[in-house]
Amino acid sequence: MPDYRRAESPRRRHGHTSPGIPPEATLRRFGPVGKQVGITRLADVTGLDRVGLPVYLAIRPTARSLVTSIGKGLTPAAAKVGALLESVETWHAEHLHLPTRTARHADITADGEGALDVAELPRAIGGMLDPHQKRSWVRGVDLTTQAVTWVPEESVSMNFVADQLGEPGLARNSNGLASGNSLEQAMLHALCEVVERDAESRWRAASESHRVRLDTVEDPLCRRLMGMVRSAGLHLAVWDVTSHTTVPCYGCVVLAPPQCDSVLDAGVHDGFSCHPSPATAFAGAIKEALQKRLTYIAGSRDDLSREEVERVRSPELVEAVWDELAAEPCDMSLQDRPSLSTGSWADDLRAVVRAVTSGTRHAVVAVDLTRQELGVPVAKVLVTRMEGPFGMCEPAEPGPGPL
């Protein structure tokens, strides 16, 4: 596997702003919720790097998982919204307020209701899983059939308080957790994140690279971001990592030439993004890589270890990746990837659900985590038979039949 596919690093989230809704309006609407969930400040760390993409941190000292959440955007307001809502949505998953039932999978299905097969969900690294044991379930909705479908509570929860964790079994992480200006937008972002993580994991294990020719990129926003990278003296490489679902997904790396010895420039930083629009996914991957670069410079993320920082900044890694990129052909055009975008959050969600489930054995189930007293639409989406975040879950075991 090439070196640029080996890296694993702290997970992050999608943006939360909406076309037609200025981020300032979203900030006014949801800003007061930050204090209610324990956010003490929104910190601007943009100036720690010279690239110029706005990046903010949301600090929530009483978190039951990550204290620090991160947001990026083309404007400070958009970055603030991203950091704020990432922290807010995580709070919702840390403090689940949903009806539960304790039962075996077979007991639920015997009652005539649907329940996800736990053997088809991502498993924690080192986790032991008995699919027949009693467990706690929360109610979700199958986005294809609209039928009530129960999902394991541990696959939704982000409560990492030690004496409440129990034995590791199913993966407990933020994959598929998202918020938005509407529940449809939240579910779309959540589903795209699950598809992205699955696509990334499969791409890292594949032999084909599908690197994009940057001179084929015509979208103004993408070109603006490419120009920011270039003006900062950095190198960018982008790959089309779209999976069998056909939902556009891109990955990229940003790095300085090996001869640069500045502490700020040391390191290889990647980013991935999935969206119905190829251009939006392409731009999202670049923004993610730039955010990750600044996250490592700031060093304030509480799941970022010293060993990880040293690994990413290793001169040997930078040299190896640089040599591999120089030798790798670019055989894809951004125009090669058809768009699924419709211009509507609800229609985009339906299009992505169809793409994920048509001709496959994937089931897509959403759990509404919205708290009426806070008013922020939040959803957790689970998809069966998909890979969990790379490096954070056990690899999926091949099952019978198509995906």
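Confidence first: mean pLDDT for the protein chain comes out at 91, with 92% of residues reaching 70 or more. Keep in mind that this is a predicted model. The weak patch to flag is residues 8-17, where pLDDT stays under 50. For that stretch the model still has 55 contacts beyond four places in sequence.

**Domains**

- The domain assignment splits the protein chain into domain 1 (23-96), domain 2 (106-181 + 345-383) and domain 3 (194-336).
- Taken over C-alpha atoms, the centres of domain 1 and domain 2 sit 24 Å apart.
- Domain 1 puts 18 residues into its contact with domain 2, and domain 2 puts in 21 residues.

**Nonpolar cores**

- In general, nonpolar side chains in soluble globular proteins tend to be buried together.
- Here the largest nonpolar core counts 37 residues, and Leu191, Val356, Val381 and Val383 have the most contacts inside it.
- The elements giving two or more residues to this core include the helices α4 (183-205), α8 (315-327) and α9 (345-357).
- On the strand side, the list has β9 (235-240), β10 (249-255), β11 (268-274), β12 (364-368) and β13 (378-383).
- α4 gives the most to this core, with 10 residues.
- Because domain 2 (106-181 + 345-383) and domain 3 (194-336) both give residues to this core, it lies between them.
- Valine 356 is in contact with Val195, Thr245, Val247, His362, Val364, Val383 and Met386, leaving aside its neighbours within four places in sequence.
- Another core lies apart from the largest one; it has 35 residues, among them Val37, Ile39, Tyr56 and Leu177.

**The three-stranded sheet and its helices**

- Three strands make an open sheet in the order β1-β2-β3, and the pairing is antiparallel.
- β1 (41-44) and β3 (68-72) are the edge strands, since each pairs on one side only.
- Ignoring direction, neighbouring strands of this sheet are turned by 25° against each other on average.
- β1 and β2 (residues 55-59) run antiparallel and are joined by four bridges.
- Within that pairing, alanine 43 stands opposite leucine 57 in β2.
- Helix α2 (residues 76-94) packs on the sheet and touches β1, β2 and β3. The direction of α2 makes about 145° with that of β3.
- α6 lies across β2 and β3, and runs at about 135° to β3.

**Strand β11 and its partner**

- β11 is mostly covered, with seven of its seven residues buried.
- Val268, Asp270, Phe272 and Cys274 point one way from β11, while His269, Gly271 and Ser273 point the other way. Residues on both faces are buried.
- β10 and β11 run antiparallel, with seven bridges joining them.
- One pairing to look up: glycine 251 has phenylalanine 272 in β11 as its bridge partner.

**Alanine 285**

- Alanine 285 belongs to helix α6 (residues 278-298).
- With a relative accessible area of 0%, alanine 285 counts as buried, because the cut-off for that label is under 20%.
- Not counting residues up to four places away in sequence, alanine 285 touches Tyr250, Gly251, Cys252, Gly271, Phe272 and Ser273.
- Two of those contacts, Gly251 and Phe272, are the bridge partners described above.
- Isoleucine 70 is 215 residues away from alanine 285 along the chain, and their C-alpha atoms are separated by 15 Å.

Methods. Residues numbered from 1 in each chain as written. Predicted model: local features only at pLDDT ≥ 70, side-chain atom pairs only at ≥ 80, totals over all residues. Heavy atoms only, no water. Buried < 20%, exposed > 50% of the residue type's maximum accessible area, 1.4 Å probe, protein only. Contact = heavy atoms within 4.5 Å. Core = buried A, V, L, I, M, F, W, Y, C linked by side-chain atoms within 4.5 Å. Domains from an automatic or database assignment. pLDDT = per-residue confidence, 0-100. Pairing = 2+ DSSP bridges. Axes fitted to C-alpha atoms, helices over the stretch in contact; angles between N-to-C directions.
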